[in-house]
Amino acid sequence: MLPAPDAPPAAATGLVLTGGGARAAYQVGVLQALAKLRRAAGASSRAPLFPIITGTSAGAINAAALACGADDFEATVRRIGQVWAGLGPDQIYRVDALRVLSSDAPWARLLSAGWLIARWRRSGSRSLLDNSPLRRLLEELVPLGRLDELMAQGHLDALAVTASSYGSGEHVTFYQASDTQQPWVRSRRLAAPVRIAHEHLLASSAIPFVFPATALDIGGHAEYFGDGSMRQSAPLAAAIHLGARRILAVGAGRMQEPAEALAPNALSGYPSLAQIAGHALSSIFLDALTADVERLRRINSTLALIPAEARAATTLEPVELLLIAPSQRIDAIAARHVHALPPAVRSLLGEPAVSAATAELKGSALASYLLFDAGFTRELMALGRADTLNQRDAVCEFFGWGGLRRPGPVA
């Protein structure tokens, strides 16, 4: 977590976007609210807001799209928002191989599952879903060819995305920077300077089992990589290594669940496979940021106890952090939109078992990562806008936006 001795000395603002599949729509709402607040403060809408941008999983896609429009933050956010607001599952993945599972009869589904396994063995399928439509979307949404020009013009210092190697087990941060930033190596994680390509985004967002791994060059040889949230112990570290001393981190789930929202209202009965899968994915996507935020805050508190003269003789510096995370349970929101999933995917969630007390669906946690549907993404974007505006004073203090007029509704 502490900056490396060779980290750039100049303070900079970094943006950290975490993973979460379709949950990443929440990040877009946060960005929309930031654009609105900055406009209300009278700041230039074209001035760079985040010189350093890092992302993981679906957050890597949002990060890269934002970086590619770093010369006009507001227009870029508007464009990203339009894509997420009109999203459909067929723009992200194909479900042809799973259509056979759409039967409502449990015995038919069981027989179909056996047939599907046999079919997969013959066809060589490597994942539950085919994400080839996502590649086409990335080519339209993320013009990576602009990065060199934007860095040369001073609009962007660095973009970094992370992925996890299935071969070595290493957590790798692939980064493209405007200067000669040296790569770093830590326990089970390392950095590699590259020209960011769409393959890096596909690898970073390849949810395990759900989407296929992507081959990337690392150290002169090819390795297969999957979702960067796997084995990610320090989501904030890449931004710090790249020079950020002020970080806005956007989460994909509530940082803490109220005690009254847990055990008393838990769904009863033996967990379905979809529940277990959703629980596993939540552990992968959500837990690391909470731990890293707590670690950074402890380090900052410890540094505050060291006299300024003594700290000046070291390379240690505090890192200012602003965290924005959902105020509502996203899996509960997903339960209201499960019907929008393709039938074959819906069948993977098992039989609906709605609790009247919680209005949650077994499997809704898993669904929340796959619900690339406009109804769901728009609701998450609205939540992101509302949560950001609820932290209006903290946001303005973080960015130094004084004389802020009360903004109207964020479109």
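Colour the chain by pLDDT to start: this is a predicted model, and its mean pLDDT is 82, with 78% of the residues scoring at least 70. Select residues 259–265, where the pLDDT is below 50 and the model has six contacts beyond near neighbours in sequence. Then select residues 351–360, another stretch with pLDDT under 50, which has 21 contacts beyond four places in sequence. Where pLDDT is low, the predicted coordinates should not be read in detail. For the two ends of the scale among the elements, show helix H4 (residues 106–123), with the lowest mean pLDDT at 49, and helix H14 (residues 374–390), with the highest at 97.

Next, select strand S4, residues 171–177. Six of its seven residues are buried. On one side, add strand S3 (residues 158–165), which pairs with S4 in the antiparallel sense over seven bridges. To check the register, pick Ala 163, which stands opposite Val 172 in S4. The two strands form a hairpin with five residues between them, and Gly 169 in the turn has a positive phi of about 80°.

Now add strand S6, residues 189–193, which runs parallel to S4 and is joined to S4 by five bridges. Here Tyr 175 has Pro 193 in S6 as its bridge partner.

Move on to the charged side chains; the salt bridge count is 11. One of them joins Arg 39 and Glu 74, at 2.6 Å from N to O. Arg 39 sits in helix H1 (residues 25–40) and Glu 74 in helix H3 (residues 73–85), so this contact ties together parts 35 residues apart in sequence. Glu 74 is buried at 14% relative accessible area, whereas Arg 39 is partly exposed at 36%.

Select Glu 199 and Arg 135 for another salt bridge, 3.0 Å from N to O. This pair links helix H7 (residues 198–204), which holds Glu 199, to helix H5 (residues 132–141), which holds Arg 135, across 64 residues. Both partners are partly exposed: Glu 199 at 30% relative accessibility and Arg 135 at 32%.

A further salt bridge is between Arg 246 and Glu 320, whose closest N and O atoms are 3.4 Å apart. Arg 246 belongs to strand S9 (residues 246–250) and Glu 320 to strand S10 (residues 320–324), so the pair connects parts 74 residues apart in sequence. Glu 320 is partly exposed, at 36% relative accessibility.

Finish with the cysteines. How many disulfides does a search of the whole structure find? The number is zero. Select Cys 68, which is buried with a relative accessible area of 2%, and then Cys 396, also buried, at 9%.

Terms used: Residues are numbered from 1 along each chain as its sequence is written. Side-chain values use heavy atoms; hydrogens and water are left out. A disulfide is a pair of cysteine sulfur atoms within 2.5 Å. Buried means under 20% relative accessible area, exposed over 50%, partly exposed in between (1.4 Å probe, protein chains only). Helices (H or I, at least four residues) and strands (E, at least two) are DSSP runs, numbered from the N terminus. Two strands pair if DSSP finds at least two bridges between them. pLDDT is the predictor's confidence in each residue, from 0 to 100. Contact means heavy atoms within 4.5 Å. A salt bridge is a side-chain nitrogen of Lys or Arg within 4 Å of a carboxyl oxygen of Asp or Glu.
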